Structure formats: C-alpha cells, structure tokens
Protein chains: 2
Amino acid sequence: MPPVLSRRDLNFQLFEVLDTAALTARARFSSHTREDYEAVLTLALDVAERHFAPYAREADEHEPTLREGRVVLPLSAQAAMQAFREAGFFSAHHDEELGGLALPWVVMQAAMAHFQAANIGYSGYPFLTIGNANLQRQFASPEQQRRYMMPLLEGRWFGTMALSEPQAGSGLADISTTATPRPDGTYAIRGTKMWISGGEHELTENIVHLVLARMAGGEAGVRGISLFLVPRFRLRQDGSPGETNHVVLAGLNHKLGYRGTVNTLLNFGEGGETVGELVGAPGQGLAQMFHMMNEARIGVGLGAVMLGSAGYQHSLAYARERRQGRRPGARDPLSPPVPIIEHADVRRLLLRQKATVEGGLALGLYACALVDDLHTGPQEARADTGLLLDLLTPIVKSWPSRHVQAALSDAIQVMGGAGYTRDFPVEMYYRDNRLNPIHEGTEGIQAADLLGRKLTQAGGRGLSVLLTRLEADLAASEPLTGLDEIRSGVRGAAQAGPAALGALLARAADLGPERVLAGAHSALELLGGVVLGWMWLRQAAAAARALPTARGEDTAFYQGKLQAARFFALHELPRIRVHIELLAAADTTALDMSPEWF
Amino acid sequence: MPPVLSRRDLNFQLFEVLDTAALTARARFSSHTREDYEAVLTLALDVAERHFAPYAREADEHEPTLREGRVVLPLSAQAAMQAFREAGFFSAHHDEELGGLALPWVVMQAAMAHFQAANIGYSGYPFLTIGNANLQRQFASPEQQRRYMMPLLEGRWFGTMALSEPQAGSGLADISTTATPRPDGTYAIRGTKMWISGGEHELTENIVHLVLARMAGGEAGVRGISLFLVPRFRLRQDGSPGETNHVVLAGLNHKLGYRGTVNTLLNFGEGGETVGELVGAPGQGLAQMFHMMNEARIGVGLGAVMLGSAGYQHSLAYARERRQGRRPGARDPLSPPVPIIEHADVRRLLLRQKATVEGGLALGLYACALVDDLHTGPQEARADTGLLLDLLTPIVKSWPSRHVQAALSDAIQVMGGAGYTRDFPVEMYYRDNRLNPIHEGTEGIQAADLLGRKLTQAGGRGLSVLLTRLEADLAASEPLTGLDEIRSGVRGAAQAGPAALGALLARAADLGPERVLAGAHSALELLGGVVLGWMWLRQAAAAARALPTARGEDTAFYQGKLQAARFFALHELPRIRVHIELLAAADTTALDMSPEWF
C-alpha cells in the first residue's frame with residue numbers, strides 16, 4: 001500500500017516554506033529543537049501507520065451499530081485510541097504541568113494530519129476531544145478544568161460538541177434545548193441534539209458533551225444561548241463516572257462516508273434529569289462555541305487535504321504501475337503499452353491533484369502557524385494576526401473541502417474502473433470527504449461569514465493584512481527564476497479580486513444585505529483562488545531558492561513544485577475570473593429566480 | 001417521494017424545442033401521432049414508477065452476490081424485467097414485422113430515460129440488451145438475427161458487450177482473447193474479459209455476449225480483432241438454450257454505485273470449449289463494436305442526465321419544505337425560519353442543477369433526433385447529420401457525466417447533513433453517476449476522440465455543420481426578448497472557441513500529435529460549453545416564443561427556462577475561457593511534468 005502522505009512535502013512545508021524551526025526561539029518553545037518536532041512527526045507516522053491506516057476500510061465497512069442499546073464499533077477503534085493515548089497526543093500541545101509537551105499548534109496539527117490521512121473516521125474522536133478540552137482550557141473554571149478537562153487530556157474520556165438540533169442545523173439561533181437552574185447551581189438540560197459525532201460509544205468510561213442550550217425563560221435569539229458541560233455519567237465526589245446522566249441515544253445516522261465516527265441523535269433529560277454545569281457567563285454560548293468551531297474548521301480543512309493526499313498518493317502509485325495504450329504517434333502494435341503516467345491527460349489529473357493537495361496543505365499549515373503567532377508571536381502584531389486568521393478561516397475550511405472533492409474524483413479517474421471499485425480506497429476517500437463541505441458550517445455558511453462579516457470587520461483590515469503579506473512575498477520573489485506564471489497570475493488576481501469585492505461592498509448600502517450576500521459563493525471562490533495562488537507563490541519561491549544547490553531526488557522535488565505552481569497559475573487560478581465579473585456586476589441571477597419558476 | 005423527472009420539461013424538450021411531432025410526416029412514422037408518443041412516455045412512466053423506482057435502494061443495498069456459483073439479485077430485478085418486457089420496450093423501435101412499433105429513436109430514448117431516472121442499475125440490463133440487438137440488426141446474418149437477436153427483442157434473453165480485459169481496458173488494441181476456427185465454421189473463444197456488465201445472472205434463460213477476440217495467428221493491433229456472438233448456453237437445433245458454453249464467472253466487481261447491474265470477470269473457454277460465431281467479416285470487430293458503443297455513449301450521457309434529474313427533483317422538494325434561518329436583514333428572532341429555497345445560495349445550487357440537467361437533456365435528445373435524421377431524414381442531409389452526430393457523441397457522453405456529478409454534489413449540499421445520509425437517495429445517485437465518466441470510454445478517451453479524430457475528419461466538416469446550425473438558431477432568435485445574456489454568451493463562445501481550436505490544429509504538424517492531444521481535455525470542455533450554450537439558446541428561444549400566450553403554471557415554467565439560460569450564460573459558460581486560452585497557447589504544462597517530478 002502506498003504512503004498516504006508525503007513526508008518530504010510535509011518537511012518542505014514546515015521547514016522551508018514556513019520557518020517552523022524558528023519557533024524554538026520563542027520563550028514557550030525554547031526547550032525544543034527542530035529534531036524534536038521531526039521526532040513527533042515520526043511518532044505520529046508510526047502510530048498512524050500501525051494503528052489507524054490498516055483499519056480504515058474496516059471502519060468503513062463496519063459502521064457503528066446498536067446492540068442491546070450500546071454502540072458497537074470494530075475492536076480496532078479501541079486499539080487505535082489506546083495507541084494514540086499512549087503516544088501522548090491528547091495533551092501534546094498543552095503546558096508541561098498539564099502533562100503536555102507545549103508543542104506549537106502547527107506541529108501538533110501536522111502530527112494530527114497523519115491520523116486524518118490514515119483513518120479519517122477514527123481520527124474524529126481525538127479531534128473532538130482535543131477541541132473540547134481546548135475550549136474548556138479557555139472558558140471553564142479551574143475546578144471544571146480539573147474535573148472535566150484533565151480526563152480528556154489523559155485520553156481517558158472523550159468529548160463532543162452538541163450544537164445542532166433536528167430543527168436547527170445551520171440556524172443555531174433557533175435551538176430549543178433548555179437549561180433550568182437547579183438549587184445547587186447546576187442546570188437541568190432538556191432537549192434533542194442531532195448530528196452529534198462521538199455522541200455515544202463504549203470507547204471511554206465517560207463522555208463530556210459541550211451543549212448549547214437556552215436558559216429557561218431567557219431571551220430569544222442568540223443572546224439567550226449558553227454553554228454547558230454535560231457528562232454522559234454524572235461525576236462522583238472523587239471525580240469518577242457514577243450514575244447515568246440521562247443522555248439517551250435516540251438513533252444513529254447512516255452516512256455516505258466518514259463511517260468510523262459514530263454520529264448520533266441524543267435526547268437530554270429522557271427518563272430522568274440531565275445535569276449540566278454552566279461554562280463561563282450566561283448568554284456567551286455561541287461566542288464560546290465558536291472558539292472550538294473555528295479550530296474545528298481549520299481541522300476540517302486539513303482533514304480534507306489529507307483525504308486528498310491519500311487519494312493522490314494511491315492514484316500516483318497506480319499510474320506508475322498500470323500499463324495501457326501508447327504515446328500518441330507510436331503506431332507499432334507490438335510495442336509494449338506504456339505506464340499510464342506517460343499519457344498527458346493522466347499527468348493532468350495527477351498534477352491537478354498535486355496542485356490542490358499541496359496548495360491546501362500550505363494553507364492549512366499557514367493558518368496553524370497564525371494560531372501560534374496569536375499566542376506566542378510578537379505582541380504588537382497579534383491584532384493583525386487575529387484578523388487575518390479570522391478572514392482565512394472560512395477559506396481554510398471550504399477551499400480544500402470543495403476542491404479536494406474534485407481532486408479525489410481525478411484520483412478515481414486516473415484509476416478508471418479499478419478506482420470505482422472497493423478494491424482500492426479512493427472511492428472511500430471520495431465518500432468520506434463529501435462530508436467536509438457540510439459539517440462544522442456548510443459552504444454557504446462559510447461564504448456568508450466571509451462576505452458578510454470577515455471582509456468588513458475592523459474596516460476590512462483583515463484583507464489589507466493579507467494583501468500586504470502577499471505583496472511582500474511577491475516582492476521577495478522578484479530575483480527568483482522559474483516563477484513567471486505564478487507571479488503574474490497572483491499579481492493579477494490580487495489586484496482584480498479585491499477590486500471586485502471592494503466594488504460590491506461599496507454599494508452595500510444601496511443593494512441591501514440580501515443582494516450583497518447573493519455574491520457570497522463568488523467571494524469565497526474568488527478569495528480562495530487568490531489565497532491558494534499566494535500559497536503556491538510561497539512554495540515556488542522556496543523551491544526556486546533551494547533548486548540551485550539541490551541534488552538528486554531533491555532536484556526533482558523542487559522542479560515538481562515549480563511545475564505545479566505553473567499549473568495552478570495557468571489552469572486553476574483563471575477560474576476565479578467568472579467570480580470577479582459576477583461580483584463586479586453585483587449579479588443576482590440566482591436570487592432573482594422565483595421559487596415557483598423551478 | 002418526489003418525481004424523478006419533470007414530464008413538463010420532457011414534453012417541452014420533445015415538442016417545443018425539438019419538433020418531434022413532425023416526425024410523423026416521415027414515411028416510417030406515418031402511422032403515428034403525437035398522442036401515440038405521449039402514450040408511450042406515459043406507459044414508460046407508469047412501469048418505471050411501479051416496477052423500477054421503488055427498488056432502486058434495494059438494488060443498491062443488496063448488490064449482486066454469489067451463492068453456490070450463481071449470481072443472486074434481489075427478486076425485484078426479475079419483476080422489473082418482466083414489466084419492461086410486457087410493456088414491449090425491448091423491441092419498440094424495431095420494425096413492426098419484428099414485433100416493434102417502429103418508434104423514432106428520440107421517443108424510444110425519452111421512454112428509456114424514465115427507467116434510468118427510476119433505477120439506473122436495473123435499467124442496465126435492457127440497455128445492454130437493446131444495444132446488442134441493434135448491433136446484430138446491422139451486422140449479423142439473417143440466420144444469426146433469427147437465432148440470437150429475436151430472443152433479445154422478445155426480452156427472453158439478455159445481451160452484453162464483452163470488450164475489456166484485465167490488461168486492456170481503454171487500450172482495446174491490446175486484447176488477447178483468441179478465436180480459433182473450428183471445422184464447422186464456428187470459432188473456439190479463449191480468454192478473460194473484465195468489467196462485463198450483465199455478464200452472468202439468472203434473469204433470463206440465456207445471455208448473448210458480443211465478444212471482441214483476435215483471430216489466432218492473425219494480425220497484431222486493431223486489424224486483427226473480430227467480433228463474435230457467444231451465448232452463455234449453446235443453442236440446440238430448435239434454438240433453445242442447451243448445454244453450457246463454458247463461459248465461466250471468475251468474479252464479481254464490487255462498485256461504489258450502479259450496484260443493480262452485476263459486473264463480472266468472465267473466463268471464456270474454461271473447463272471446455274467456448275464456441276462463438278463470427279459477426280460479419282474478420283478484422284471488423286472494433287468498427288462494428290463502435291456502432292454499439294456510440295449508441296451506448298449517448299445512453300450513458302442520458303443516464304447521467306437522468307441521475308441528475310432525480311437528484312435535482314429531490315433537493316428541490318426538500319428545499320421547499322425544510323425551514324432554516326431567515327432572510328438577510330431580518331433580525332426578529334421570533335419570526336419563523338423560512339423555507340431554505342428563500343436563501344440566495346440555495347437557489348444558486350438549485351439553478352445550477354436545473355441548468356445542467358435540462359441543458360444535458362436537451363443535448364441528449366438532440367443527439368437522438370440526429371440518429372432519427374440519419375435513418376429517416378432528408379437523404380441529402382444525411383452525410384452532414386452523420387458528421388455532426390460523430391462530433392457530438394463524445395460531448396453527449398462526457399459533458400453530462402462530469403457536470404451532473406457537480407450537480408448531484410449540489411443536490412447533497414442543498415440537503416446538508418440529510419443529503420449525506422442514506423435516508424435520502426441523493427448520495428446514491430452521486431455514487432451511481434461517478435461511473436459515467438469511466439465506462440463506455442473514459443473522459444480522456446472521449447477527449448482524445450474529439451480532438452484527435454472528430455474535429456479533423458472530413459476536413460473539419462462536423463464543426464462547420466454545428467456552427468452553421470448554431471448560427472441559424474442565433475439568427476432565428478433575434479426578434480425574441482429576454483435572451484440577451486444567452487445570445488451574447490453563445491455568440492462569443494461560438495467565435496472564440498472554434499478560433500482557439502483552429503489555431504491549435506493549424507499548428508498540428510509543428511507540434512506533433514502528443515503536444516496537440518495535450519489539449520484534449522480543454523477541447524472537450526470548451527466545445528461542451530459551446531454546445532450546452534447552444535442548447536440553452538434553443539430552449540430560451542422556445543420559451544420566449546411561448547411566453548406571451550402562456551397561462552398559469554406555464555408562465556412560471558417559461559420564466560424559469562429564461563432565467564436558467566441567463567444563469568448558464570453568466571455563471572457557467574464563462575468557465576470555458578480558461579480552455580480557450582490554454583488551447584490558443586498550445587499549453588503543455590501537464591505533459592511537461594516529468595513522472596519523477598511528482
């Protein structure tokens with residue numbers, strides 16, 4: 001079985017495009033070395049290859065089922081979780097006094113990427129658990145952290161985020177789960193939550209749900225929503241799981257893919273009282289949850305990239321082996337068929353995958369590096385860093401989710417009929433990744449967030465920061481050769497794109513919010529293209545710098561980077577032009593389609 | 001359950017865009033009326049709704065399995081085939097003396113479309129059987145037709161096409177199955193065939209394989225390939241199935257979708273002699289098979305359209321019912337959520353589906369009408385009709401296959417998490433349709449066929465015919481209002497597109513075949529866009545003509561057509577511009593990517 005990610009590319013991204021080694025100069029990371037980071041990645045690769053990858057198909061074929069009221073998962077899930085726990089990844093980015101290694105977020109996420117590539121379904125449990133703990137670390141009381149967060153850091157319990165309800169998915173303002181104060185300061189939680197990943201299983205001795213609920217008798221809308229810690233089993237005095245907390249599994253969702261992660265419908269307060277603890281202040285629920293959600297959104301983007309990576313590596317290995325046809329013009333029927341990687345159209349299908357996957361990885365890791373900068377970077381730059389991260393988050397989430405789906409389709413196409421069968425995993429990746437444009441905020445939600453909020457907050461400062469950084473990278477690339485196409489493509493897109501967005505937003509008062517937001521999809525695709533072009537410029541520049549002194553396989557690697565950047569500039573980046581036009585014209589063709597005309 | 005196709009749209013396409021009723025003026029169809037055609041469609045709808053649609057999910061969930069060496073299908077497959085047979089569809093387009101109704105091909109295919117929309121898996125058996133019989137009708141001897149074709153027309157036996165082999169899929173020139181002459185004039189067939197749909201089952205008392213094989217000791221390459229009739233059971237003197245013909249099932253393929261059609265690996269000549277009869281002259285195998293293949297390719301395109309139609313109708317019904325969120329600017333949290341069809345981005349997702357599905361249907365039916373013209377149209381136009389049909393075939397096959405996959409992704413997206421579950425059929429359509437860019441010639445094969453053969457044959461006459469017809473439709477549309485966007489879009493594309501193709505082909509001698517064919521994908525996408533634009537122009541013109549006198553629901557229907565044409569012109573058609581540029585520049589970025597650079 002081919003590798004599911006390229007370690008060479010990951011090292012390039014971390015240490016040649018980003019300067020991850022330089023993080024060790026920061027106080028928090030001063031005890032680290034680059035070698036430590038590489039050792040962490042090697043450990044992740046080892047655990048992922050031994051305990052996650054071999055069971056991806058099993059997890060797909062044996063989706064969670066109910067037996068006597070309990071969720072049954074393959075035994076390999078338990079073993080994978082144990083290996084992950086023993087490797088210390090549940091707490092690796094936390095302070096040393098919490099049992100962690102104080103790993104930078106970008107290294108932590110690069111490590112996690114191995115598990116996503118190996119088995120996206122099983123990786124869901126640690127991802128949610130780590131996100132849940134991170135939210136608690138920021139908003140929960142020290143006492144709550146001791147009781148509910150520490151078991152997550154130790155991997156003994158798992159966590160969820162319980163937001164959606166049957167009648168409220170994208171529209172969280174309409175949730176109706178209620179929290180009623182109890183005499184002891186806790187709350188009785190009552191309601192039904194839908195689409196809850198990891199909502200019920202026997203992998204751990206307890207599950208900590210982070211539940212959005214509405215204070216009984218409180219305000220309507222988002223200001224009435226608070227956040228609660230709700231354990232599956234109530235905690236005894238000594239903190240160990242005790243009696244049931246009446247969170248009742250009401251059903252399992254049967255999905256197209258991502259089957260290794262159990263997805264549940266949960267009733268809170270069925271057959272008895274479900275007790276929860278308020279996190280932070282009342283009415284802050286959505287704001288707090290967005291902390292976890294934003295982190296999850298970057299994780300979704302990286303997960304998409306990793307599925308794309310796995311598909312790319314499989315189809316690449318196949319294309320090198322499989323022989324079929326001859327090169328055009330070769331007419332001798334007795335000559336042997338050539339490996340299909342010799343065919344121009346197969347190379348195109350592979351190169352588009354490479355451009356998508358490696359561009360997406362550059363973007364995902366860039367966003368993670370911004371998270372580090374936000375916490376440990378120069379104090380004076382943090383406000384700008386935060387605005388840039390806010391602006392990029394919907395793109396980091398959405399661009400790979402959408403474009404990796406096309407890349408995985410290309411992976412199937414390279415393999416032809418074989419790719420369409422379950423003898424190879426690419427059809428599984430294709431099913432798995434189709435969830436990514438939906439969960440943690442649909443593509444439409446991301447687009448509206450970008451155009452309706454992120455592009456205008458702080459007077460549009462986020463976009464200014466982005467363009468300043470992009471211009472700096474353009475300027476720094478001037479002396480380098482082999483970058484003409486990507487430089488010219490990015491320069492053009494970085495002028496025309498923001499101009500079109502600016503033209504639309506300048507008319508916002510005239511148009512009104514509905515007609516402005518009709519351009520949300522175009523804004524997302526447009527800015528996504530600009531940002532990916534920028535990421536390819538950065539990769540091409542790093543490759544061009546390294547190429548003159550490179551040897552052997554490294555030379556081919558850097559040539560490939562330059563060619564992929566060219567491909568992105570010539571084949572992919574021009575696709576944003578239609579969106580530039582639509583935005584500049586404040587197009588509302590879809591909005592103007594009356595429902596009865598369909 | 002919502003309908004899987006719009007009968008209103010089908011009638012519009014057949015009787016308002018195409019003038020199908022005028023076919024009754026031709027001698028072959030002179031006993032028909034338009035009402036006859038509508039009655040056939042109503043019968044197809046009825047049989048499809050009662051015997052095919054209810055079992056689509058069952059066919060998906062219970063894919064064919066082996067039990068004691070026999071292929072087991074759900075019982076509903078048998079019932080569906082019986083209903084199809086009893087309705088007379090196996091022979092409906094054949095002469096009356098063969099038991100048929102002499103239906104025009106366009107009406108026959110419009111009828112068949114109902115079965116594809118209802119249950120693509122089960123529809124595979126009649127499709128292959130009808131195609132097999134059509135090939136026999138053209139190339140087999142009268143005696144062969146009597147023995148092997150008539151049982152297919154009666155639906156008593158089914159047919160296959162057995163082309164691919166494990167080492168030869170797209171590269172049919174490399175097949176190694178051999179045919180060795182036997183003393184009685186028949187041939188002993190020996191070899192292994194892969195990806196054979198309908199290759200083994202118990203639905204009928206016999207199966208007639210059309211097998212490509214190489215005359216033992218004959219020429220290498222395609223000129224050594226001949227076509228053979230190979231029954232599963234040898235025919236007794238009276239024509240009834242007798243002893244085994246030693247065609248042995250060696251395995252079943254387990255597919256992502258399309259599971260209602262069994263897909264097999266077959267060994268010919270295992271455990272005894274497999275006897276076949278030569279069809280026509282030796283060495284003509286590939287040419288003869290392309291007769292069936294071209295018909296199958298149009299069928300694949302229509303099948304893709306029908307899967308897209310089913311997904312569109314489901315997501316449309318969901319969008320009208322499901323309430324979520326409020327219109328931008330509406331801030332009252334106590335107001336009820338709106339049906340999601342009110343959201344601009346949901347309308348965009350629906351409108352793109354409509355543009356894709358109805359545009360694809362217009363194209364597929366246009367091609368079928370050309371098939372009728374080829375056989376019953378004015379004699380003097382037939383050469384041009386044939387060239388146009390040849391040119392359009394790779395587009396009819398590929399454009400819907402690719403773009404419907406995006407439309408089905410939109411259908412899932414409209415439905416969010418629900419669309420990702422198996423509670424709704426859209427995820428199944430999405431899996432089913434992913435086969436369409438692969439089978440009956442991959443997209444890469446179609447693209448090479450278009451650029452390397454169809455655009456140059458007869459001195460490029462096919463494209464001239466296409467552009468002449470397109471120009472005539474443009475000119476005829478001049479007096480109509482509401483067509484500005486589509487007219488201007490099509491006019492621009494019809495100038496720039498062929499110019500770019502011409503520029504590339506003019507340099508063919510300099511560039512050599514490999515560098516020319518590196519543009520094949522762009523040529524296919526480019527010409528696909530032009531043709532679909534043309535199909536939307538035709539629909540918009542028909543709508544604009546009908547609108548002034550329309551009443552009630554018809555008014556909304558025609559308004560929807562005009563808006564969908566606008567959407568295609570503004571949102572979709574501009575996507576071909578990148579391909580215009582790539583072709584004009586004779587881009588070879590992908591070809592220039594050395595295999596070792598990946």
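This passage walks through the annotated domains, a few individual residues and one internal cavity of a predicted model.

Start with the annotated domains of chain A, which come from an unreviewed UniProt entry. The record places "Acyl-CoA dehydrogenase/oxidase N-terminal" at residues 35-155 of chain A. In the model, that stretch is 68% helix and 5% strand, with its end C-alpha atoms 26 Å apart. Next comes the feature the record calls "Acyl-CoA oxidase/dehydrogenase middle", covering residues 161-261 of chain A. Here the make-up is 0% helix and 46% strand, and 14 Å separates the end C-alpha atoms. The record also lists "Acetyl-CoA dehydrogenase-like C-terminal" at residues 472-593 of chain A. Over residues 472-593 the chain is 76% helix and 0% strand, and the end C-alpha atoms sit 43 Å apart.

Two polar residues of chain A are worth a look, beginning with T274(A). This threonine is part of strand β12, which runs over residues 274-278 of chain A. Its relative accessible area is 0%, so T274(A) counts as buried. The T274(A) side chain has backbone partners: the backbone oxygen of N245(A) is 2.8 Å away, and the backbone oxygen of H246(A) is also 2.8 Å from a polar atom of that side chain. Beyond its sequence neighbours within four places, T274(A) is in contact with a set of residues that includes Y187(A), A188(A), I189(A), V230(A) and V247(A). F268(A) and G269(A) are among its contacts too.

One of those backbone partners, H246(A), has a backbone quirk of its own. Its phi is positive, at about 60 degrees, although H246(A) is not a glycine. H246(A) belongs to the loop that links β9 (241-244) to β10 (247-252) in chain A.

The other polar residue, N263(A), is found in strand β11 of chain A, residues 263-268. With a relative accessible area of 7%, N263(A) is buried, since the cut-off for that label is under 20%. The side chain of N263(A) reaches the backbone oxygen of W195(A) at 3.4 Å. It also makes a side-chain to side-chain polar contact with S197(A), at 3.3 Å. Residues up to four places away in sequence aside, N263(A) touches W195(A), I196(A) and S197(A), along with G251(A), L252(A), N253(A) and K255(A).

Over in chain B, two glycines can be set side by side. G224(B) is in the loop between β6 (207-215) and β7 (225-231) of chain B, and G242(B) is in strand β9, residues 241-244 of chain B. G224(B) is buried, at 6% relative accessible area, whereas G242(B) counts as partly exposed because its relative accessibility is 22%. Setting aside neighbours within four places in sequence, G224(B) is in contact with A213(B), R214(B), M215(B) and E219(B). On the same basis, G242(B) touches F233(B), R234(B) and R236(B). As for distances between C-alpha atoms, G224(B) is 41 Å from H62(B), with their positions 162 residues apart in sequence. G242(B) and L153(B) are 89 residues apart in sequence and 20 Å apart in space.

Chain B also has a non-glycine residue with positive phi. A586(B) has a phi near 50 degrees, and is found in the segment after α19 of chain B. At 11% relative accessible area, A586(B) is buried.

Finally, the internal space. A search of the whole structure turns up nine cavities of 30 Å³ or more. The second largest cavity holds about 140 Å³. Its lining is made of 19 residues, and those nearest the centre are H571(A), A518(B), G519(B), S522(B) and D587(B). The elements that contribute two or more residues to this lining are α9 (344-376) from chain A and, from chain B, α16 (513-517), α17 (520-546) and α19 (577-584). Of these, α19(B) gives the most, with three residues. By residue class, the lining of the second largest cavity splits into nine nonpolar, seven polar and three charged.

Notes:
Residues numbered from 1 in each chain as written. Chains lettered and ligands numbered in written order. Predicted model: local features only at pLDDT ≥ 70, side-chain atom pairs only at ≥ 80, totals over all residues. Heavy atoms only, no water. 1 Å grid on protein atoms, 1.4 Å probe; cavity = no way out; pocket = protein on both sides within 12 Å on 5 of 7 lines; lining within 4 Å. Points joined across faces, edges and corners; volume = space filled by probe spheres on them. Helix = DSSP H or I, 4+ residues; strand = E, 2+ residues; numbered from the N terminus. Nonpolar A, V, L, I, M, F, W, Y, C, P; charged D, E, K, R; others polar. Buried < 20%, exposed > 50% of the residue type's maximum accessible area, 1.4 Å probe, protein only. Contact = heavy atoms within 4.5 Å. Polar contact = N/O pair within 3.5 Å; in protein donor to acceptor, adjacent residues only side chain to side chain. UniProt positions renumbered as here; feature names shortened; annotations may be inferred.
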